[in-house]
Amino acid sequence: MADNSQPKKKLYTIQVLRGLAAVLVVLAHGDLIFNQNFGQDFWFKIFNFGGSGVDFFFVLSGFIILYVHKKDIANKSKTFKFLFKRFLRIYPIYWVFLSLKLLASFTFSYNPSSTERSFLETLKAFTLFPQQQEILSSSFLGVSWTLSYEILFYIIFALLIALPTRISFPIVGVWLLGVFGNFWGLLNLPPDSLFLKFIFSHYNLEFALGCLAAYLFARSKIKWGMVLISVGAFLYTLSAINYHYQIVNLSQVITFGIPSMLLVLGCVSLENTKNIQVPSLLVYLGDASYSIYLAHGFAINNISKLIQKIYPSMTENIFVLNSIGLLIAAISIVFGCLVHSFIEKPLILTFQPRKTANA
């Protein structure tokens, strides 16, 4: 039996993958915002598949949580610590950006007759309680819906920590059966039940895929990590092509979730068996991935509008427009990194309990 008292080795390739997932989302939203602001496609829509970065994030979250907290399962004394760490990771910096979005919306586009944001909708947005994606995109932070799934996963995992396995395993097992049933169309959910669709959404399978990768990594010393990376990258590329041309209509759990799992398992297995030197810049990008994820939309939208005012003729030359688009995307990533260093990290340190000498 493995010695669970030893601290978990930090896996630097996981941080690289987190950074990659964030960059994919930035590129996808770059196209979306370009269409809104300029009426033009961003690099001929070749980065549209970048929304799969969300699927990648979900798989990565499943892997990280089980890898780090596997030893805490059925140890109810760890429940509060787990939930508090997850709270610090998600909410403080999210509340900063949500508050800024609401303040800017109220200041620059206030309409007294507007009923877009009810008190209940605002409360749901602050707590990340699930609500319609259209409401979140128009009135709050567009990425909020993905964080709601993160919170659900954390709650499910907290049950594994808080309850004995004889109780928690059946509960989680029934939930997963419901998720599988809904995925395969065997579970007939009420069409107007947003909450049930959320609880049994296929996105939850991607967290399960990440957990499966962590379980396989912990159980056996896989020596063919490069093979898994190659297969995962190949399937991910095929899925990106399929997403662009809409050749086959398949769920993103299959097209991007499974390749993401292979990439994650391959990278950590390769790092575990080879002496890999991961550049510190890529590790930092992974550390900053959550801030990049939250901040990039604000940065791309406002920088693109500013540049359009300064250089309105840029839309006449597609090469110039796309080159400026890449520059804006790069600036938005740098902006997210600055937010991570000067806002997110200080916020977490402020709320983190101080360690005692005996801790």
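This passage describes one helix, a buried acidic residue and two loop residues in a predicted model. Local features are reported at pLDDT of at least 70 and side-chain atom pairs at pLDDT 80 or more, while totals for chains, interfaces and linings use all residues. Numbering starts from 1 along each chain as its sequence is written, and side-chain values use heavy atoms, with hydrogens and water left out.

Helix H11 covers residues 252–273; helices here are DSSP runs of H or I with at least four residues, numbered from the N terminus. With 22 residues at 1.5 Å a residue, H11 should span 32 Å, the expected span being 1.5 Å times one less than the number of residues. Its end C-alpha atoms are 30 Å apart, which agrees. Because 17 of its 22 residues are buried, H11 is largely enclosed by the rest of the structure (buried means under 20% relative accessible area, exposed over 50%, partly exposed in between, with a 1.4 Å probe and protein chains only).

Glu 206, in helix H9 (residues 203–219), is buried yet has no salt bridge, that is, no side-chain nitrogen of Lys or Arg within 4 Å of a carboxyl oxygen of Asp or Glu. The nearest side chain of opposite charge, Arg 18, is 15 Å away.

Two residues that are not glycine nevertheless have a positive phi: Phe 44 at about 55° and Ala 74 at about 70°. Phe 44 sits in the loop between helix H1 (12–38) and helix H2 (53–69), and counts as exposed at 52% relative accessibility. Ala 74 belongs to the loop between H2 and helix H3 (79–108); at 41% relative accessibility, Ala 74 is partly exposed.

Conventions. Helix = DSSP H or I, 4+ residues; strand = E, 2+ residues; numbered from the N terminus. Lys, Arg positive; Asp, Glu negative; His and termini not counted.
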